[in-house]
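I opened this notebook page to record what I looked up in one model. My interest was in its main pocket and in the way its helices pack.

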Amino acid sequence: MPLIELKNIKKYVLQDINLTVYDKEILVLAGPNGSGKTTLLNIIAGLTKYSGNVLFDSRNINSLPAHKRGVGYLLQDLALFPHLNVWSNIAYGLKVQKYPQDKIAKRVDELLDALHIRKLKDKYPDNLSGGEKQRVAIARAIAPFQKVLLLDEPTSSLDAQTAKYFRIELKALLKRFEITSIIVMHDLLGAEEIADRIAILNKGRIDQVSTPQEILFHPNSEKVSEFIGMPNIIRCDRCKVLSTGLIEVATGDLTIILPYEGTKISKIAISPHDIYISDTEPPGPALNRFKGTITEIMPLRSLLRLKVNVKGIEFLTELSKEAFDEMELSVGKEVFVIIKLRRLRYAE
């Protein structure tokens with residue numbers, strides 16, 4: 001499976017893109033709409049003209065047409081053939097490339113099992129759920145022993161729970177078949193779950209390429225921090241294991257409870273939209289619920305960012321303009337701050 005190198009790539013919004021995707025790596029391309037993510041996939045696949053160079057294992061493939069690049073490409077609309085059943089959809093590319101029938105049958109059977117869709121083999125696309133269609137489309141994309149897989153927003157049509165399970169299965173599949181993969185995603189939380197590294201694109205340029213944890217805890221610019229949601233980074237002074245799966249982390253006089261997997265914790269990241277503000281004491285357990293004072297209000301387009309001081313720690317939070325107006329919030333007002341337990345992330 002190849003190492004991919006992009007050198008001085010230019011096309012439309014893309015300006016001098018230089019990027020290396022390592023052999024067997026899962027790289028996620030993330031960034032605002034219009035930043036050039038899908039255009040970059042089309043360039044690697046050979047579906048559009050461009051300037052610059054695309055290399056697979058140091059071999060320049062600029063002159064190779066799309067069908068000779070060994071690239072599987074899963075488009076957003078999946079484009080399954082409605083007149084073919086699942087088995088025939090997966091076998092299609094193998095038949096076009098004139099593989100012998102016994103090899104086609106063996107490969108299709110292997111993928112049916114790997115993607116847990118054997119029971120669907122006789123069904124047609126119209127009778128499949130969104131998650132099932134995604135699995136069939138991936139199987140079809142990699143069936144002809146492709147060296148590279150490109151995926152454009154593979155979970156965009158799935159509900160949150162289905163998307164999460166799908167990402168877990170997809171990562172396991174890509175690692176099993178040792179496929180070099182590039183995935184376009186808008187959901188940073190989803191990108192964290194699947195990516196070896198994330199490349200942040202903004203206005204046709206790459207702002208940062210790092211591991212998910214490095215981008216979350218060490219964004220290299222304000223633009224990257226803004227894109228990932230300007231997370232609150234909290235230093236951990238001391239920790240106390242409470243029970244299986246939970247730990248209490250203290251910073252100064254503030255203590256926060258979070259899920260614990262047994263690794264050392266040095267910092268916590270909390271997204272502003274995972275912190276709730278209330279002007280009255282909410283019902284329910286007092287877990288990760290604090291009193292704080294609003295110190296700054298920053299209006300944005302459709303929401304507001306608030307800085308709230310909680311026991312000497314300043315939290316950046318977000319809420320809608322409607323909620324802000326309804327609670328009649330102002331600088332100096334005391335509020336309740338509630339931090340979602342399951343969305344806390346930490347660095348070792």
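The entries below take the pocket before the helix pairs.

**Entry 1: status of the model.** I noted at the outset that this is a predicted model.

**Entry 2: the largest pocket.** I looked up the volume of the largest pocket and found about 660 Å³. I then asked which elements give two or more residues to its lining. They are strand 6 (71–74), helix 2 (86–96) and helix 4 (130–142). Strand 6 supplies four residues, the largest share of the lining. In total I recorded 22 lining residues. Nearest the centre of the pocket lie Val71, Gly72, Tyr73, Ala141 and Gln146. By class, I found 15 nonpolar residues in the lining, together with six polar and one charged.

**Entry 3: helix 2 against helix 3.** I turned next to helix 2 and its partners. Its axis and that of helix 3 (residues 101–114) come within 10 Å and cross at roughly 130 degrees. Are the two helices parallel or oblique to each other? An angle of roughly 130 degrees falls outside the ranges for parallel, antiparallel and perpendicular, and helix 2 and helix 3 are therefore oblique to each other. The crossing of helix 2 past helix 3 is right-handed. From helix 2, I listed Val86, Trp87, Ile90, Ala91, Leu94 and Lys95 in the contact. Helix 3 answers with Gln101, Ile104, Ala105, Arg107, Val108, Asp109, Leu111 and Leu112. I classed the residues of this contact as ten nonpolar, one polar and three charged.

**Entry 4: helix 2 against helix 4.** Here I found axes that come within 6 Å and cross at roughly 30 degrees. Because angles under 35 degrees count as roughly parallel, helix 2 is roughly parallel to helix 4. I recorded a right-handed crossing for this pair as well. On the helix 2 side, the contact is made by Val86, Asn89 and Ile90. On the helix 4 side, I noted Val136, Ala139 and Arg140. The contact has four nonpolar residues, one polar and one charged. Val86 and Ile90 also appear in the contact of helix 2 with helix 3.

**Entry 5: helix 4 against helix 5.** At what angle do helix 4 and helix 5 (residues 160–176) pack? I found about 20 degrees, with the axes 11 Å apart. That makes helix 4 roughly parallel to helix 5. Helix 4 passes its partner, helix 5, in a right-handed crossing. Helix 4 brings Gly131, Gln134, Arg135, Ile138 and Ile142 to the contact. Helix 5 brings Thr162, Phe166, Glu169, Leu170 and Leu173. I counted this contact by class as five nonpolar, three polar and two charged residues.

**Entry 6: summary.** I closed by noting that helix 2 and helix 4 each give two or more residues to the pocket lining, and that these two helices also contact each other.

Methods
Residues numbered from 1 in each chain as written. Predicted model: local features only at pLDDT ≥ 70, side-chain atom pairs only at ≥ 80, totals over all residues. Heavy atoms only, no water. 1 Å grid on protein atoms, 1.4 Å probe; cavity = no way out; pocket = protein on both sides within 12 Å on 5 of 7 lines; lining within 4 Å. Points joined across faces, edges and corners; volume = space filled by probe spheres on them. Nonpolar A, V, L, I, M, F, W, Y, C, P; charged D, E, K, R; others polar. Axes fitted to C-alpha atoms, helices over the stretch in contact; angles between N-to-C directions. Parallel < 35°, antiparallel > 145°, perpendicular 65-115°, else oblique. Left-handed = near helix turned anticlockwise from the far one by under 90°. Contact = heavy atoms within 4.5 Å.
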